[in-house]
Amino acid sequence: MALTSQSLFFAPSPAGPSRRARGRAVTMCAAASHNPQPRNIPFAVSSSTPKSESKDSKNTLALGSAIAAAASGAFLIASSGGFGGGPGGPLGGGGGGGGAGGGGGGGRGFWSRIFSAGAANADEKSSGDWDPHGLPANITVPLSKLSGLKRYKLSELKFFDRAAPAGGGATEAGPEDSFFEMVTLQPGGVYTKSQLLKELETLVSCGMFERVDLEGKAKPDGTLGLTVSFTESVWSAAKQFKCINVGLMAQSGQADFDQDMTEREKMDYLRKQERDYQQRVRGAMPCILPETVRGEVLAMMKKQEKVSARMLQKIRDHVQKWYHNEGFVCAQVVNFGNLNTSEVVCEVVEGDITKVEYQFQDKLGNFVEGNTQIPIIDRELPQQLRPGHIFNIGAGKQALKNINSLALFSNIEVNPRPDETKEGGIVVEIKLKELEPKSAEVSTEWSIVPGRQGRPTLASIQPGGTVSFEHRNIYGLNRSIVGSVTSSNLLNPQDDLSFKLEYVHPYLDGVDDRNKNRTFKTSCFNTRKLSPVFVAGPNMEEAPPVWVDRVGFKANITESFTRQSKFTYGLVVEEVTTRDETNSICTHGSRAMPSGGLSMDGPPTTLSGTGVDRMAFLQANITRDNTEFVNGAVIGDRCIFQLDQGLGIGSKNPLFNRHQLTLTKFINLNKQEKGVGKSLPAVLVLHGHYAGCVGDLPSYDAFTLGGPYSVRGYGMGELGASRNVLEVASEVRIPLKNTYVYGFAEHGTDLGSSKDVKGNPTEFFRRVGRGSSYGLGVKLGLVRGEYIVDHNTGVGTVFFRFGERF
């Protein structure tokens, strides 16, 4: 009676360059051999912020070009070798005597095998001086006849497959043969007799060969040629394929017979191992390999009459290729069991995450105690990067982006490493360098104002500037206080002093509540902007400008549904003052008369008619953003709805409902897929914007038409100011040498509602209330260069704008 179930174990080959010097696995194995300790796998996803970066700068995501290769190198070490170690199933057996199983391996752990299997040969191997063999030329020399005191130089290495072809005899195997990666010897290398015998022992015990021999041939120049002749291991045909995840299970050991065992005791021992292995298969977790890939493996098995070692190598490579292509870079095929049965069992260590560790570093890289509380960072991890899941490089990149969005760290690294306490497990190690919690900046600018005769004088040089400060990450909970004070004339700052002080309090429902993400924000402000409502139309002289000052405070709560979609609601209380060029309160708009004077009977600037309004209103904004970047281009759709509801509190008891809806869709015309090095997609942009107001409407809050973010080709507010507006636009973007050229057409109308604004500023300033434009443009980095035709006049103009239109 004989047991037929056998197994084959994949283990890393001894360190040192492989014969397949052009193969990807070779480079990865060689790189790994320089770092035999399992403390740090050479893989990292990192983000850094330069020290000089200001508080408003965005961190740049830095994914080094060597990351993917280094990661794959660490986790593909086993695949670069052949078969070896102990059997995963009940049978082991020797190699050279015709055994079909594998030997070696013992009880060592999977990760320790990865990092230490090749250490012996790598350390013993030397180069440089060598000794002539001292034998007659062109004779065949068994390894046992070599001197143990000499260091032999290999000048030739040949492989012969003893599997007899139709004409008989052995066939020389070429470098493309997968067995080449099993041998660490190489021409030009210098080896001792013990090293050559150890190489033979490794090949004999690996389980890939029914028979393998190494023979030397004395060369006339004193070097040694080496011939490896082998017979490939073959098992009976299989009809089924099963894949299991053995990541956190103890690795199988070889069948270790006691020399004093009788034949019956050996059979009993093998039966017990058979039962143990079947129990192991039943207790293992199913792997995530999809049915389509399993079907492809079955098709590979059906093409051959028997299961061979070469076919198992192909199955291993096919399975691992799927894992690595899907981002599971820690996944590794470690064993094939149930050989010589109808079902081949593929054992995979998929890279199960066992824990996540956080480490804070100072500027010099020393480990320190961090200020940020761990739950603040932990809640940013995607679910797939938590214990109980399989490590995925995509999840690592997403974690980097999420943590980077906190704006608390100058450098972030996400590193997977083997768990030294749980064999086959992965520890996700996150290293962080915190930004300074307090910062302050001062920026200055100089403006030259013409004097009385149109020439600047020393007294007309006005110094301006901004003082800003920030205290971030208060109590380590990501709370912050940000303030700024700005003036364009520091010599007389009361003329246009503006300020903003803001407090941000995230995680309103508690840090541990990951189902909700609400942020409370309150601010007080004093701003000044030029109103586009009181500007002249194209057929009249320039009108005196009207400035709108707003002083007040705002409190709101933002609830994030996804990273890009959110809902904000809150209260705004403000005082609005309209002023003229002399900084005096302005109650009405004005225009130039043919006589050179000013007509002061224009539309009222405020609801109260005094030039000063006070009001309180509720404000809500909901954003649904499904856009994404495809090779640097925005694709998807975005919807924004904003609502302002007056409470009847303030000057003239204002009661109103202002509402705005913006819809933008970015369509991938040529269905370009995402990928490194792939070209930009052609994009069609469709855009629509509607705004309206019911109830009281101050002139300064009327909706304006025209401008770089309204209808292009016109000045700000040049087309009109109304109670309702409708804008539509379309743009076609064609990629050209990593940038875009585009054509567009836009139209805007007041829907006849300009007359419903108090004083009708559209009519007073001789504006038409509607307009269209079309043109061509090109993106030059952050700048848009555009030639635009104003359809109302038929005149074309060249514009240069910063930022995006949509």
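N478 comes first: at 16% relative accessibility it counts as buried, since the cut-off for that word is under 20%. The model I am showing is a predicted one. N478 sits in the loop between β21, residues 461-474, and β22, residues 479-487. Its phi is near 65°, a positive value in a residue other than glycine.

There is a second asparagine to put beside it. N583 also is not a glycine, and it has a positive phi of about 75°. N583 lies in the loop between β26 and β27, the latter being residues 591-592. Is N583 buried or partly exposed? At 22% relative accessibility, N583 counts as partly exposed, because the buried class stops short of 20%. If you check backbone torsions before setting anything up, these are two entries for the list: N478, with phi near 65°, and N583, with phi of about 75°.

Back to N478 for a moment, as it turns up in the contacts of a proline. P506 touches L477, N478, R479, R518 and T519, leaving out residues up to four places away in sequence. P506 is found in the loop between β23, residues 498-505, and β24, residues 518-530. At 8% relative accessibility, P506 counts as buried. What is the C-alpha to C-alpha distance from P506 to T558? The two are 9.1 Å apart in space and 52 residues apart in sequence.

Now the chain as a whole. The chain has 806 residues, and 47% of them count as buried. The secondary structure comes to 12 helices and 40 strands. Taking the contacts with a separation of 6 or more, 66% are accounted for by residues 24 or more positions apart.

Next, a helix pair. The axes of α8, residues 291-302, and α9, residues 309-325, come within 11 Å and cross at roughly 165°. The two helices are therefore roughly antiparallel to each other, as angles over 145 degrees fall in that class. The crossing of α8 and α9 is right-handed. Which residues make the contact? From α8 there are V293, E296, V297, M300 and M301, and from α9 there are M311, K314, I315, H318, V319 and W322. By class, the residues of this contact divide into 8 nonpolar, 1 polar and 2 charged.

On to a threonine with side-chain polar contacts. T223 has its place in the loop between β8, residues 209-218, and β9, residues 224-232. At 4% relative accessibility, T223 counts as buried. Which side chains does T223 meet in polar contacts? One such contact, of 2.8 Å, joins the side chains of T223 and S155. Another, of 2.6 Å, joins the side chain of T223 to that of D221. Setting aside residues up to four places away in sequence, T223 touches W130, H133, K153, S155, K217 and A218. S155 thus appears both in that contact list and in the 2.8 Å polar contact.

Another threonine, this time in a strand. T577 lies in β26, residues 566-579. T577 is buried, with a relative accessible area of 7%. Its contacts, not counting residues up to four places away in sequence, are W547, V548, D549, I585, G611 and V612.

I412 is also a strand residue, in β18, residues 409-418. Where does I412 fall on the accessibility scale? At 0% relative accessibility, I412 counts as buried. I412 and E434 are 22 residues apart in sequence, and their C-alpha atoms are 9.0 Å apart in space.

Last, a leucine toward the end of my list. L751 has its place in the loop between β37, residues 739-749, and α12, residues 761-764. L751 is partly exposed, with a relative accessible area of 47%. Leaving aside neighbours within four places in sequence, L751 is in contact with Y690, N724, V725 and L726. For V725, the C-alpha to C-alpha distance to L751 is 6.2 Å, across 26 residues of sequence.

To close, two loop residues side by side: P506 counts as buried at 8% relative accessibility, whereas L751 is partly exposed at 47%. That is the end of my part.

Conventions
Residues numbered from 1 in each chain as written. Predicted model: local features only at pLDDT ≥ 70, side-chain atom pairs only at ≥ 80, totals over all residues. Heavy atoms only, no water. Axes fitted to C-alpha atoms, helices over the stretch in contact; angles between N-to-C directions. Helix = DSSP H or I, 4+ residues; strand = E, 2+ residues; numbered from the N terminus. Parallel < 35°, antiparallel > 145°, perpendicular 65-115°, else oblique. Left-handed = near helix turned anticlockwise from the far one by under 90°. Contact = heavy atoms within 4.5 Å. Nonpolar A, V, L, I, M, F, W, Y, C, P; charged D, E, K, R; others polar. Buried < 20%, exposed > 50% of the residue type's maximum accessible area, 1.4 Å probe, protein only. Polar contact = N/O pair within 3.5 Å; in protein donor to acceptor, adjacent residues only side chain to side chain.
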